[in-house]
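Reader: I should like to learn how to read the pockets and cavities of a protein model. Could we work through one example together?

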Amino acid sequence: MRHRKGRKKLGRTTSHRQSMVSNMLISFIKAGRVETTEVKSKFLKQEFEKTMSLAIRGETADYREILTRVKDREAFKMLTRKLVPRFKEKQGGYCRIIKTRQRRGDAAPMALVEILNE
């Protein structure tokens, strides 16, 4: 059965959504924090948690899966060399979402997503 397998579409086509999430993931890994809309931040957190769990498991197939999500070598190296040792013992909850403001142009609720320091 495929119950509860649906995802938010964010008003974009599949390819646009996949590339947008991949680019946001790369920026998030490199910078450590990203400010975006609340809906996108929830989407980003979900993707980062899955990617981080794969990186912690650390098998060859997992690294190949990560490279399909994170298409930047520098971000991949940061993920595997800096972030994985920090969260090796943790079972989840690698980042947090902080609601910040409403965007001036369209009043979209904004949120800050950041990697925890533990």
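Reader: Which helices each supply at least two residues of the lining of the largest pocket?

Author: One reads a pocket by asking which elements contribute to its wall. In this predicted model, helices α1, α2 and α3 (60-69) each give at least two residues to the lining of the largest pocket. The largest share, 6 residues, is supplied by α1.

Reader: How many residues line the largest pocket, and which of them lie nearest its centre?

Author: The lining consists of 14 residues, and those nearest the centre are Arg-7, Gln-18, Val-21, Phe-43 and Glu-47. The volume of this pocket is about 270 Å³.

Reader: How is the lining of the largest pocket divided by class?

Author: The general idea is to sort the lining residues by the character of their side chains. Here the largest pocket has 7 charged, 4 polar and 3 nonpolar residues in its lining.

Reader: What is the volume of the second largest pocket, and which residues line it?

Author: The second largest pocket holds about 190 Å³ of space. Its lining is formed by Gly-6, Arg-7, Lys-8, Glu-38, Val-39, Lys-42, Phe-43, Gln-46 and Lys-50. By class, these residues divide into 5 charged, 2 polar and 2 nonpolar. Arg-7 and Phe-43 belong to this lining, and they are also among the residues nearest the centre of the largest pocket.

Reader: Glu-38 appears in that lining. Is Glu-38 buried or exposed?

Author: To decide, one compares the relative accessibility of a residue with a cut-off, and buried means under 20%. Glu-38 counts as buried because its relative accessibility is 17%. This residue is situated in helix α2. Leaving aside residues up to four places away in sequence, Glu-38 touches Lys-99, Pro-109, Met-110 and Ala-111.

Reader: In which strands should I look for those partners?

Author: Strand β2 comprises residues 95-102 and strand β3 residues 109-115. The two strands pair in the antiparallel sense, over 6 bridges. Within this pair, Arg-96 stands opposite Glu-114 of β3. The hairpin of β2 and β3 has 6 residues between the strands, and there Ala-107 takes a positive phi near 60 degrees.

Reader: What do the side chains do in a regular strand?

Author: As a general rule, side chains in a regular strand alternate between the two faces of the sheet.

Reader: How many cavities of 30 Å³ or more are counted, and which residues line the largest cavity?

Author: A cavity differs from a pocket in that the probe fits inside but cannot get out. The count is 1 cavity of 30 Å³ or more, and about 30 Å³ of space lies in the largest one. Leu-10, Met-20, Val-21, Met-24, Lys-40, Phe-43 and Leu-44 line it. The lining has 6 nonpolar residues, no polar residue and 1 charged residue. Both α1 (14-31) and α2 (38-57) supply at least two residues of this lining.

Reader: How many helices and strands does the whole protein have, and in what order do the elements run?

Author: The protein has 4 helices and 3 strands. From the N terminus on, their order is α-β-α-α-α-β-β. The radius of gyration is 15 Å, close to the 13 Å that the globule rule gives for 118 residues, so the protein is as compact as a globular protein of that length.

Reader: What percentage of the residues is buried?

Author: Buried residues account for 41% of the 118 residues. Furthermore, of the contacts between residues at least 6 apart in sequence, 60% join residues at least 24 apart.

Definitions and conventions: Residues are numbered from 1 along each chain as its sequence is written. This is a predicted model: local features need pLDDT of at least 70, side-chain atom pairs count only at pLDDT 80 or more; totals for chains, interfaces and linings use all residues. Side-chain values use heavy atoms; hydrogens and water are left out. On a 1 Å grid over the protein atoms alone, a cavity is a set of points where a 1.4 Å probe fits but cannot get out, and a pocket is an open set with protein on both sides within 12 Å along at least five of seven lines; lining residues have an atom within 4 Å of a point. Grid points are joined across faces, edges and corners, and a volume is the space filled by probe spheres set on the points. Ala, Val, Leu, Ile, Met, Phe, Trp, Tyr, Cys and Pro count as nonpolar, Asp, Glu, Lys and Arg as charged, and the others, Gly among them, as polar. Two strands pair if DSSP finds at least two bridges between them. The radius of gyration is taken over C-alpha atoms; the globule rule is 2.2 Å times the number of residues to the power 0.38. Buried means under 20% relative accessible area, exposed over 50%, partly exposed in between (1.4 Å probe, protein chains only). Contact means heavy atoms within 4.5 Å.
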